[in-house]
Amino acid sequence: MICSFNLYRCVAWDSAMESSETEGRTFIQAISEKYSPENFPCRRGPGLGIVIVPTGPQGSPMKDRLNLPSMLVLNGCGISHAGDEGEIAAFCAHVVELDLSHNKLQDWHEISKIVFNIPNLKFLNLSSNQLSDAVLDPDCAKTFSSIRRLVLNNTQVSWDTVHTFTREMPELEELFLCLNKYTTVTLSSMPCSTLRLLHITDNSLHEWNEVRKFGSMFPTLDTLIMANNNLSSIRDSGEILRRLFPNLRSINLHNSGLNRWEDIEKLNCLPKLEEVRLQGIPLLQSYTSTERRSLMIAQLPYVTCLNGSVVTDLEREDAERFFIRYHLDHSEEELPHRYHCLVTKYGKLAPLAEIDLRPRYHVKVEVRYEDKVEQVSIRLDQTVAELKKQLKTVVQLPTNNMRLYYIDKGIAFGPDELKYSTRALHSYRIQDGDEILVVPKKKITGMPKGH
């Protein structure tokens with residue numbers, strides 16, 4: 001009888017789950033399935049198993065057995081509704097971070113039911129839920145008032161929705177609005193003075209007239225991450241930039257459309273800017289990687305971190321000196337303002353002497369055999385055995401009856417026998433003008449005196 005009841009319960013649950021896959025599941029069902037230690041499969045293949053959904057916050061048989069961490073990850077669980085609010089409150093009072101990305105949530109009221117019953121929630125990720133048509137009223141937005149980090153990537157939420165949140169969330173510090181297909185920015189009637197970080201990459205904000213609105217919307221903004229927006233230029237004057245972004249410490253403009261050094265110079269007008277990320281911009285495409293970094297460091301005297309790497313004092317000095325020398329051949333009209341500042345600091349530097357530090361591959365040596373001396377060009381990347389083959393026709397000796405001695409004319413020591421057949425010649429540090437002495441094995445005692 002018990003077996004029949006359990007089988008019935010298994011089949012009933014599977015049927016309910018199959019229906020929920022198309023209609024969506026509740027938040028409570030997703031929690032019970034993922035975090036219950038009692039969850040086990042009742043059918044072959046990828047089954048959802050038995051989940052006993054609690055019936056009330058007090059005395060629930062599941063509450064003590066649910067293994068809920070303070071950071072809940074419920075991405076891609078098919079959630080479309082909150083479910084029993086009493087159960088949410090009973091299970092999730094300790095939860096501080098919640099990931100609900102890639103679900104089926106389309107109604108702010110359903111989301112607010114979840115959030116309202118998690119009083120300690122500080123981080124909420126709603127990415128990739130289709131919320132473009134969802135209407136958010138202020139009372140509903142107040143439910144989110146304790147959240148400090150809100151992620152709305154790929155939700156296509158309107159700016160009206162964003163502004164409703166920023167007005168009703170007095171503790172909001174970080175806002176993520178990536179992949180929302182924004183081409184313009186709508187100003188808010190009320191600034192959000194708590195926001196420190198705005199992450200708005202992978203949109204289509206090409207014009208500075210749109211980007212500058214973030215300054216008045218978020219007056220205490222510390223970090224602006226807007227890579228992959230193809231921003232064409234920075235149009236404001238230095239004075240306006242200082243007024244718009246007085247607290248901006250870090251900016252990411254990766255893969256923007258900036259193509260003038262004047263745009264880079266304007267970043268110096270941001271009074272607190274320390275960190276800049278600027279890769280993949282048209283301006284830098286014609287330079288080598290070393291030139292890019294050096295020229296950028298020299299143009300940004302107050303930046304201490306460029307593209308994720310700390311700028312040391314030594315690197316800055318080298319970059320600034322490189323900047324002066326790089327512009328030595330430019331006409332007076334072409335010289336950037338920064339050039340004159342650096343010349344005041346270091347003076348007009350002479351070009352560096354060109355020194356060829358590439359390894360030598362060929363040298364000319366004197367090959368001495370008995371009374372004959374011949375100039376021979378040898379390759380330094382060959383081995384001793386290969387050198388013997390090269391000299392075979394010069395000295396008319398078979399390689400197995402040949403001993404080679406290297407004589408460095410720059411030192412007073414005796415000859416060094418090249419006795420290891422597989423050793424490369426460059427390891428002997430042979431130079432132009434040195435001598436290779438060839439001695440037949442049966443006439444070693446006839447080595448000339450003075451060597």
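This note covers the internal cavities of the model and the surroundings of strand β18.

1. The model is predicted, so local features need pLDDT of at least 70 and side-chain atom pairs count only at pLDDT 80 or more, while totals for chains, interfaces and linings use all residues. Residues are numbered from 1 along each chain as its sequence is written, and side-chain values use heavy atoms, with hydrogens and water left out.

2. Two cavities of 30 Å³ or more are counted, a cavity being a set of points, on a 1 Å grid over the protein atoms alone, where a 1.4 Å probe fits but cannot get out. The largest has a volume of about 50 Å³, volume being the space filled by probe spheres set on the points.

3. Lining residues (those with an atom within 4 Å of a point) of the largest cavity are Trp208, Ile234, Leu241, Phe245, Leu248, Ile251, Leu267 and Leu270; by class, eight are nonpolar, with no polar and no charged residues.

4. The second largest cavity holds about 30 Å³ and is lined by Leu267, Asn268, Leu270, Leu273, Tyr302 and Val303, of which five are nonpolar, one polar and none charged.

5. Strand β18 (a DSSP run of E, at least two residues) spans residues 435-440, and six of its six residues are buried, meaning under 20% relative accessible area with a 1.4 Å probe, protein chains only. Glu435, Leu437 and Val439 cover one side, and Ile436, Val438 and Pro440 the other.

6. Strands pair when DSSP finds at least two bridges between them: β14 (residues 362-369) joins β18 by four bridges, in parallel, with Tyr369 opposite Val438, whereas β16 (residues 402-407) joins β18 by six, antiparallel, with Ile407 opposite Glu435.

Definitions and conventions: On a 1 Å grid over the protein atoms alone, a cavity is a set of points where a 1.4 Å probe fits but cannot get out, and a pocket is an open set with protein on both sides within 12 Å along at least five of seven lines; lining residues have an atom within 4 Å of a point. Ala, Val, Leu, Ile, Met, Phe, Trp, Tyr, Cys and Pro count as nonpolar, Asp, Glu, Lys and Arg as charged, and the others, Gly among them, as polar. Buried means under 20% relative accessible area, exposed over 50%, partly exposed in between (1.4 Å probe, protein chains only).
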